[in-house]
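Let's take a friendly look at the empty space inside a protein model, and at one place where two helices pack. Have the structure open as you read.

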Amino acid sequence: MRHATLRTATALVAVGALALTGCGGGSGGRSEGEGGSNRAPTVSLPKLKGQTLQVTAVWTGPERENFTKVLAEFEKRTGAKVEFVPSGDDMAGFIGSKVAGGGAPDVAMLQQVGVLQEFAKKGWIKPLGPAAKKELSANFSKGWQDLGSAGGKSYGVYFKASNKSLVWYNTQAFENAGVSEPKDWKGFLKTARTLADSGVEPVSVGGADGWTLTDWFENVYLSQAGPEKYDQLARHEIKWTDPSVKQALTTLGSLFGAKGLLAGGNGGALQTAFPQSVTQTFKDEPKAAMVSSADFAAANIGQTKAKVGTDAKVFPFPAVGKESPVVTGGDVAVALKDNKASQALLTFLASPDAARIWAAQGGFVSANKKLDPSVYPNAVFKEIGKALVAAGDDFRFDMSDQAPASFGGKPGQGEWKALQDFLKNPKDVAGTQAQLEKDAAKSFGN
């Protein structure tokens, strides 16, 4: 499978998404009728009355609530009953145990390209049927189709996409400290120090969820080492003991190892889960001034009184090298059972009908070319969505999500664990590199 690359998309997504952060609008709150389900269907679905469908995903809180609205529309249109089964963060382990026990769910929302590849090789997932494949090819660029393929067959629908190279900040905290949006890493650290001196802890890090740390590393690495090195490291064509990795970890350590820059200190960061890392930045009495997170953090901001575009704004991840990075991610729907209901849900998720339901709620971006951007709840997300579609095949995907799950996608092991240990001891660059390489070599088999 070809790994899609990011070039012009960096400018498109970063500038297009961020130029309008001064625009008002909340993170969601629309009813389904406001851009949701009360529009003429664009895709025909079969009648499935009496059939039950199990769907699993990692989503919790507002993300789960919004996905449930998508599933409710599917139920309404088909007559099927859909049961949502939370997987927890270890999707690969969860599915593996269910397959072994003979009780696999019908459809799963995977986060890692590497996991999709593994599941395809094991025969755990089923190819898209004719209707789903037709809807996918009509609505998504080849790059997104390729990411959902393995061995020349189409398996997945990238229902939810994301820009993972944003820093959300509390505008009141910035105003109180007299600082503005930093453009580069040096400016970012200077801004963080000024915020600390003003009396607010600068940077919130959700270190209890290892994937947030891989995002930090990938953004620094892509900007500093460049796209060619990024692709080589993603495929383990260069070792994690490479000097470019040392440089990136050293750079990241200038934040993680600096006194007073992390909310709660390093120990507090390691005990902070992703949702809390966002909400604590925008509470009435904030515990941090900024948090590096993808666009989907808007859903968590929506749990506070803060409004996206006014109280909560974003700027591009600061440039460590010549340009700010942009890393994309996504959730891909795959069928573990080849039945009529599973294929119908995949067909629905490939349509603009499904995408517009969640898009209207906020905290969601779609690569679906047929989705009307007017359904997004504010100008920020409208521009992110338009830029993502305009980028076509020209984007770069999350590095850890491309790796085998044992390295890039499991709590307590591989990259997640090594970077959590690094957050605990940011001075141990060499030890972190050695552990990353040991784990990567084992998982990649080279």
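The notes below cover the internal cavities and then one helix pair, all from a predicted model.

## The largest cavity

How many cavities of 30 Å³ or more does the structure hold? There are three, and the largest has a volume of about 80 Å³.

If you want to select its wall, pick Lys164, Trp211, Thr212, Asp215, Trp216, Asn219, Phe274, Ser292, Ser293, Ala294 and Phe296. Helix α9, spanning residues 210-225, is the main contributor to this lining, with five residues. Sorted by class, the wall has five nonpolar, four polar and two charged residues.

## The second largest cavity

The second largest cavity offers about 40 Å³ of space. Its lining is made up of Ser204, Val205, Gly206, Thr212, Trp216, Phe274, Ser277, Val291 and Ser292. Helix α9 appears here too, and α9, α13 (274-279) and β9 (290-292) each supply at least two of the lining residues.

What classes of residue line this second largest cavity? Four are nonpolar and five polar, with no charged residues.

## Helices α5 and α15

Now for the helix pair. The axes of α5 (residues 130-139) and α15 (residues 340-349) come within 8 Å and cross at roughly 10°. Angles under 35 degrees count as roughly parallel, so α5 and α15 are roughly parallel to each other.

At their contact, α5 brings Ala131, Ala132 and Glu135, which meet Gln343, Leu346 and Thr347 of α15. By class, this contact has three nonpolar, two polar and one charged residues.

Technical notes: Residues are numbered from 1 along each chain as its sequence is written. This is a predicted model: local features need pLDDT of at least 70, side-chain atom pairs count only at pLDDT 80 or more; totals for chains, interfaces and linings use all residues. Side-chain values use heavy atoms; hydrogens and water are left out. On a 1 Å grid over the protein atoms alone, a cavity is a set of points where a 1.4 Å probe fits but cannot get out, and a pocket is an open set with protein on both sides within 12 Å along at least five of seven lines; lining residues have an atom within 4 Å of a point. Grid points are joined across faces, edges and corners, and a volume is the space filled by probe spheres set on the points. Helices (H or I, at least four residues) and strands (E, at least two) are DSSP runs, numbered from the N terminus. Ala, Val, Leu, Ile, Met, Phe, Trp, Tyr, Cys and Pro count as nonpolar, Asp, Glu, Lys and Arg as charged, and the others, Gly among them, as polar. Axes are lines fitted to C-alpha atoms, for helices over the stretch in contact, and angles run from 0 to 180 degrees between N-to-C directions. Angles under 35 degrees count as roughly parallel, over 145 as roughly antiparallel, 65 to 115 as roughly perpendicular and the rest as oblique. Contact means heavy atoms within 4.5 Å.
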